[in-house]
2 protein chains.
Amino acid sequence: MTPTIHDVARLAEVSIKTVSNVLNDYPHIRPTTRQRVLDAIAALEYQPNLSARGLRSGRTGLVSLIIPDLRNAYFAELADVVVREAEAQGLSVMIAQSNGDRERELSLLRGPRMQMVDGILFSVLALSAADNDLLATIKTPMVLLGERILDGPKDHVTMRNVEGVQAATEHLLGLGRRRVLAFGADLVQGAGSAALRLEGYRRGLAAVGMPYDEDLVVEVYGWFRSTGADSMRRFLDRGIPFDGVVAFNDLIALGAMRVMQEAGLRIPDDVAVIGFDDVDETRYTLPTLSTVDPAGRRSPRSPFAT
Amino acid sequence: MTPTIHDVARLAEVSIKTVSNVLNDYPHIRPTTRQRVLDAIAALEYQPNLSARGLRSGRTGLVSLIIPDLRNAYFAELADVVVREAEAQGLSVMIAQSNGDRERELSLLRGPRMQMVDGILFSVLALSAADNDLLATIKTPMVLLGERILDGPKDHVTMRNVEGVQAATEHLLGLGRRRVLAFGADLVQGAGSAALRLEGYRRGLAAVGMPYDEDLVVEVYGWFRSTGADSMRRFLDRGIPFDGVVAFNDLIALGAMRVMQEAGLRIPDDVAVIGFDDVDETRYTLPTLSTVDPAGRRSPRSPFAT
DNA sequence: GTGAAAGCGCTAACAC
DNA sequence: GTGTTAGCGCTTTCAC
C-alpha cells in the first residue's frame with residue numbers, strides 16, 4: 001500500500017498532527033522533530049493523498065478552464081498561458097471544451113466537477129447577459145474571459161478591443177487606404193467582441209474623418225480560418241472595390257488572405273491586411289500578417305509588413 | 001451548506017446506502033424508492049462531492065495529459081482530441097506542460113497530482129529508454145505517446161512514421177523531383193520520431209532506386225516554425241541545389257516554406273514541399289501545404305497542391 | 001431491498 | 001511544541 005501520514009508518524013515517532021504540521025509548514029516545530037519527519041517522508045517516499053486533502057480542506061488545488069475549442073490557436077495560446085501560470089502557483093488546470101455550445105456551457109458550469117475546483121476561468125461564447133441570474137448561482141469562484149458578459153455578477157477579464165481595432169484601422173488609413181473592410185462583424189450577436197471591435201473600426205474612421213460605409217462591413221459567423229475564407233469568397237463575388245482589411249481576429253484574416261491571394265490580389269500592394277490577437281502563426285505567413293496584440297504581451301512586432 | 005447524501009436520505013426517508021445505490025445505479029432497487037430518492041436529489045439540487053468519492057473509491061474520474069507545449073498546433077490538436085474523447089466518457093482532463101524539459105517531465109510524473117488521477121497520457125519528449133526503470137516505478141496506469149520510448153515498461157501509442165514519410169518521399173519522387181531534402185533530421189537524438197522518419201525517407205529513395213545523399217539531409221533541432229525557418233535559411237546559404245522537401249513535421253515545413261518564398265523560390269514550381277501531421281493550418285497557407293495524416297483521421301485531402 | 005456502521009487519508013479544533 | 005480526536009462525504013461490507 002501507499003504510505004499515509006500514519007506510517008510517516010510511526011517511523012518518525014511522532015503523532016500524525018506533527019506530520020501534518022510539517023507538510024503544511026506550520027511554523028512552530030522543533031527543527032529536530034521536523035527533520036525526523038522529513039527523513040521519514042523521504043524514506044517512505046510518502047506523497048499526500050490529494051483527494052483526502054481536498055475532502056478535508058475543501059481546496060483541491062485544481063482550477064478549471066472552460067474554452068470553446070483548443071484547435072483555435074487563440075484559445076490554445078490562452079490555455080498555454082493559464083497552465084503555465086497555474087503550475088507556477090502549484091495549481092493544476094482541468095481543461096473543458098464547450099464548442100461554443102450553449103447547452104454544453106451550461107452543463108459544464110452546473111456539473112459536479114465545477115464544484116470540486118478552487119476556481120473557474122470561463123471563456124464565455126454562448127451564454128450572455130441574459131444568463132446573469134444563473135451565473136450568480138454558482139458558488140465556485142469564477143472569472144469570465146472575453147466580452148460576452150461585461151455587466152455580469154462575476155469579475156471579468158477583457159482586452160482593449162475598441163482601442164486595438166481603432167489603432168489598426170487608423171494605421172491602414174494612415175497608409176493611404178481609403179476603402180477598408182471591417183471584416184468579422186456579427187450583427188446578430190449584439191454585444192460581445194464583434195460589436196466592440198466594430199466600434200473600434202468606426203472610431204478609427206471617425207478619427208480621420210472618413211465616412212462609415214455599410215458596404216464595407218463584412219460579417220463572419222464563427223471566427224475560424226474556414227469562415228474567414230468563406231466570407232471573403234462571398235464578398236469578392238459582390239465585386240465591391242476595397243484596398244484594406246481590418247480583420248477582427250487573426251484566424252479569419254488568414255483565411256481571407258488565402259482567398260484573396262488565390263483570387264490574384266496582391267498583399268499588401270492591392271490590399272493591406274491587419275489582424276487581431278497576435279497569434280504565433282502570423283509571423284510565418286507570406287506575407288507576414290500584421291496584427292494587434294491587445295495585451296501588449298510581447299516585444300514589439302517587426303515593422304509592419306502589410 | 002451544500003447538501004450531502006444524508007440530506008437526500010432524510011428527505012427521501014431512506015438510508016444513505018439507498019441513496020448511494022441510486023447514484024451508482026445499483027440494479028436491485030424498488031422503482032418507487034428510486035423515484036423518491038431521485039426527487040429528493042432534484043429538490044435539493046444535490047451534487048456528489050467528488051473529492052469524497054475519490055477518497056473512498058480510489059477513482060477520481062480525472063485523467064492527466066502531459067505534453068510539451070500547447071502553443072504547438074500538433075499538441076493542441078492532440079489535446080483537443082483527448083479532451084473531447086475523455087468528456088464523452090465522463091472523464092475530465094488535467095493538462096500539464098513539460099516544455100520538453102527533462103526535469104519537468106520527471107517532476108510531473110513523480111508529483112502527488114499524478115497519484116490522484118486514474119490514468120496518465122504522457123507525450124514523452126525528453127525522457128528516453130534509459131529512464132525505463134523509473135517509468136516502471138509509476139503505479140498510475142500510463143500510456144506513452146510518440147516514439148521516444150518504444151520498448152518501455154508501458155504501453156505506447158505511435159503512428160506510422162516510417163510508412164508515412166516513405167509515402168511522402170515516393171510521392172515527390174513520383175512527381176519527377178530528383179533532389180529531395182530530408183528536412184527535420186536530428187542525428188543527435190538517436191531514436192525517436194526523427195530517426196523513424198529519416199528511415200522512411202531512406203526507404204522512399206530505395207523504393208525507386210535513388211541513392212541516399214547526405215548533403216540532402218537537413219537537421220532541425222526542435223520542430224517549430226522558427227527552427228524550420230532557421231534551418232532552411234542556413235541550408236540555402238550553402239547553395240546546394242534541390243527541388244523537393246520532405247519535412248518531418250508541418251510546423252518546420254511552414255517555417256521553411258516562408259523562408260524559401262522570401263528567397264524567391266516558387267512553390268511548387270521550383271521546390272515541391274510535403275509536411276507531416278496534417279495540422280489544420282496547412283489548409284490555409286499559400287500554396288496549400290500537402291501533408292501526411294499519419295492517423296488517417298479525416299477524409300482525404302484535396303488533391304496535392306504542391 | 002434496505003439499513004447500520006466502519007473507514008478511506010487528511011486537517012484542525014482542542015487539550016496538555 | 002506535540003498529541004488526541006472528531007469529522008469532511010462518500011462507498012461498501014455485513015446484517016437483517
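Is E45(B) buried or exposed, and how many other C-beta atoms lie within 10 Å? Keep this one in mind as you work through the exercises below; the model is predicted.

**Exercise 1.** Work out the setting and the backbone angle of E45(B), then classify the residue.

*Solution.*
- Step 1: Place the residue. E45(B) sits in the chain B loop that runs between α3 (31–44) and α4 (50–57).
- Step 2: Read the backbone. Phi of E45(B) is near 55°, which is a positive value in a residue other than glycine.
- Step 3: Count neighbours. E45(B) has 10 other C-beta atoms within 10 Å.
- Step 4: Apply the cut-off. A residue with 12 or fewer is exposed, so E45(B) is exposed.

**Exercise 2.** Now go through the steps for E45(A).

*Solution.*
- Step 1: In chain A, the loop between α3 (31–44) and α4 (50–57) holds E45(A).
- Step 2: E45(A) is not a glycine, and its phi is positive, near 55°.
- Step 3: With 10 other C-beta atoms within 10 Å, E45(A) is exposed.

**Exercise 3.** Which peptide bond, the one leading to P268(A), is cis or trans, and where does P268(A) lie?

*Solution.*
- Step 1: Look at omega from I267(A) to P268(A): the value is near 10°, and the bond is cis.
- Step 2: Locate the proline. P268(A) belongs to the loop between α11 (250–262) and β9 (272–276) of chain A.

**Exercise 4.** Describe the bond from L286(A) to P287(A) and place the proline.

*Solution.*
- Step 1: Omega is near -5° for L286(A) to P287(A), and this peptide bond is cis.
- Step 2: P287(A) is found in the chain A loop between β9 and β10 (290–292).

Notes. Residues numbered from 1 in each chain as written. Chains lettered and ligands numbered in written order. Predicted model: local features only at pLDDT ≥ 70, side-chain atom pairs only at ≥ 80, totals over all residues. Helix = DSSP H or I, 4+ residues; strand = E, 2+ residues; numbered from the N terminus. Buried ≥ 20, exposed ≤ 12 C-beta atoms within 10 Å, placed from the backbone.
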